[in-house]
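Student: Please take one part of this chain and look at it closely, residue by residue where that helps. I would like a single connected account that begins with how exposure is judged, and then moves on to the neighbouring parts.

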Amino acid sequence: MNRIILLFLMFILGVTSCFAGSDLPERIHSNYENGVVIEVLSEENNEELAELFNLDQIGQLLRIKVLSGDLKNQEITVENQLTSNPAFDIDVKKGDRVLLSVERFFKEYEVYVAAKDRSAVLIFLVSLFFLLLLVVGSRAGLKIILSVLASFFLLVVLFLLILSGLSPVFITFIMLMTSAFVLGFILNGINVRTISSALAASASLSAGCLLSIIFVNVSDLDGLHCEEAVILHALKPFLDNREILMSSVMVAVFGVLLHICSCISNRIFELKSDNTKYNFASLFRAGMAQGKETIMTLSTSFLYAYVGLMIFMFLMLCEIPFLKFINLNSVVIVVITTCIASINLVLSIPISALVSSWVVDSFSKKKLKYPGFLS
């Protein structure tokens with residue numbers, strides 16, 4: 001009898017656990033919501049923790065109004081701990097917009113301050129940029145906005161394809177080459193100028209791809225040079241971090257490559273349009289001259305752009321030995337990226353002049369046979 005009762009209880013427990021398990025995803029839920037700090041109710045120093053860590057440990061008690069999600073328009077009390085470490089502390093005051101981590105367990109909610117909400121500032125800056133483009137550029141500004149949105153879309157597709165497990169170097173090359181044609185068609189239409197510029201950019205990008213593969217392998221870099229790379233490796237261990245590093249170099253140099261190739265291609269196209277007697281050799285010389293003129297300012301601009309993004313790292317040079325500094329993974333990557341980009345820019349001049357001269361000259365001969373052919 002006792003055995004039957006025990007079996008019956010085990011059966012009931014099993015059925016209950018099955019139903020509970022099927023409902024578990026709905027009962028336990030985590031999300032991020034927006035909120036605004038209504039009032040800082042108190043700020044108290046935790047003496048025990050302060051003595052343990054030898055730093056002030058301040059606990060804030062905040063009254064926050066939730067602006068989205070299940071708790072929308074509700075005012076809740078949230079604890080926020082400050083550890084005297086500015087890298088991790090989220091020090092808020094009355095009126096600050098915050099990002100809330102909301103965890104729901106059955107009908108109970110646990111809410112934490114995850115970060116300051118800066119989305120409004122980002123939206124304002126992007127909107128201001130687009131507005132100025134429309135005001136100053138008019139129709140051309142609209143084309144630029146479309147090209148920016150198209151670039152953003154193509155980059156998102158690139159990231160998703162890399163995360164799916166495809167070869168980062170191969171898929172980056174394909175997507176950037178596609179971007180060269182798409183952006184050219186949006187900005188200048190389908191014509192000889194656009195096609196020659198896109199082909200020149202693709203050929204120059206091939207040189208950059210080869211350079212990044214060679215020097216990343218020679219330097220024996222593993223791609224785990226920053227916190228984000230380490231986290232990504234933990235989440236997606238099947239991804240090749242070294243190839244992702246190579247891809248990042250290609251993406252970094254692509255925008256400037258596109259500019260140089262466009263300048264050279266436009267110059268060659270204009271010369272051929274003004275004087276059809278220009279042959280391949282004269283077009284090539286004109287393209288080289290235009291490229292040299294363009295590269296004079298871009299080479300230093302590229303250097304300042306990279307140093308500006310990594311200025312905190314370079315300031316560390318004052319605190320550690322020089323030989324140790326230049327062998328830090330992050331420093332090596334910045335130097336290699338800058339050098340590869342600069343070398344690629346220099347190589348793009350003869351490559352672009354060669355490709356654009358051949359394309360424009362070839363299409364010009366086609367146009368004589370077929371008037372209006374991609375004019």
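Tutor: A residue is called buried when its relative accessible area is under 20%, exposed when that value is over 50%, and partly exposed when it falls in between. The model is a predicted one, and V307 is a convenient place to apply these cut-offs. V307 lies in helix 9, which covers residues 280-309, and its relative accessibility of 31% falls between the two limits, so V307 counts as partly exposed. The C-alpha atom of V307 is 9.5 Å from that of V335, with their positions 28 residues apart in the sequence.

The part I would examine most closely is helix 8, which runs over residues 241-274. At the N-terminal end of helix 8, D240 acts as a cap, with a side-chain oxygen placed 3.1 Å from the backbone nitrogen of R242. E243 also belongs to helix 8, and at 21% relative accessibility, which is not under the 20% limit for buried, E243 counts as partly exposed. Between the C-alpha atoms of E243 and N217 there are 9.7 Å, although the two residues stand 26 apart along the chain.

Further along, helix 8 has a kink of about 40 degrees, and F254 is the residue at its centre. The end-to-end length can be checked as well: helix 8 has 34 residues, so at 1.5 Å a residue a span of 50 Å is expected, and the 49 Å between its end C-alpha atoms agrees with this. Helix 3, residues 119-137, can be put through a check of this kind: its 19 residues should span 27 Å, and its end C-alpha atoms are 26 Å apart, which agrees.

A pair of packed helices is described by the angle between their axes and by the distance between those axes. For helix 6, residues 192-218, and helix 8, the angle is about 150 degrees and the axes are 7 Å apart. Helix 6 passes helix 8 in a right-handed crossing, and the residues in this contact divide by class into 16 nonpolar, eight polar and two charged.

Away from the helices, the strands and loops offer some contrasting cases. V113 is placed in strand 5, residues 108-116, and its 10% relative accessibility is under the 20% limit, so V113 counts as buried. The C-alpha atom of V113 is separated by 6.2 Å from that of L99, a residue 14 places away along the chain. Y112 lies in strand 5 too, but with 41% relative accessibility Y112 counts as partly exposed. From Y112 to Y32 the C-alpha distance is 9.6 Å, across 80 residues of sequence.

D96 sits in the loop between strand 3 (75-82) and strand 4 (97-105), and at 14% relative accessibility D96 counts as buried. Its side chain reaches the backbone nitrogen of K93 at 2.9 Å.

Backbone geometry gives a last point to consider. Most residues other than glycine have a negative phi. N73, which is not a glycine, has a positive phi of about 70 degrees; N73 is found in the loop between strand 2 (58-66) and strand 3, and with 52% relative accessibility, a value over the 50% limit, N73 counts as exposed. S138, which follows helix 3, has a positive phi as well, near 55 degrees.

Notes. Residues numbered from 1 in each chain as written. Heavy atoms only, no water. Axes fitted to C-alpha atoms, helices over the stretch in contact; angles between N-to-C directions. Helix = DSSP H or I, 4+ residues; strand = E, 2+ residues; numbered from the N terminus. Left-handed = near helix turned anticlockwise from the far one by under 90°. Nonpolar A, V, L, I, M, F, W, Y, C, P; charged D, E, K, R; others polar. Expected span 1.5 Å × (residues − 1). Bend = angle between axes of the 7 residues up to and from the residue. Polar contact = N/O pair within 3.5 Å; in protein donor to acceptor, adjacent residues only side chain to side chain. Buried < 20%, exposed > 50% of the residue type's maximum accessible area, 1.4 Å probe, protein only.
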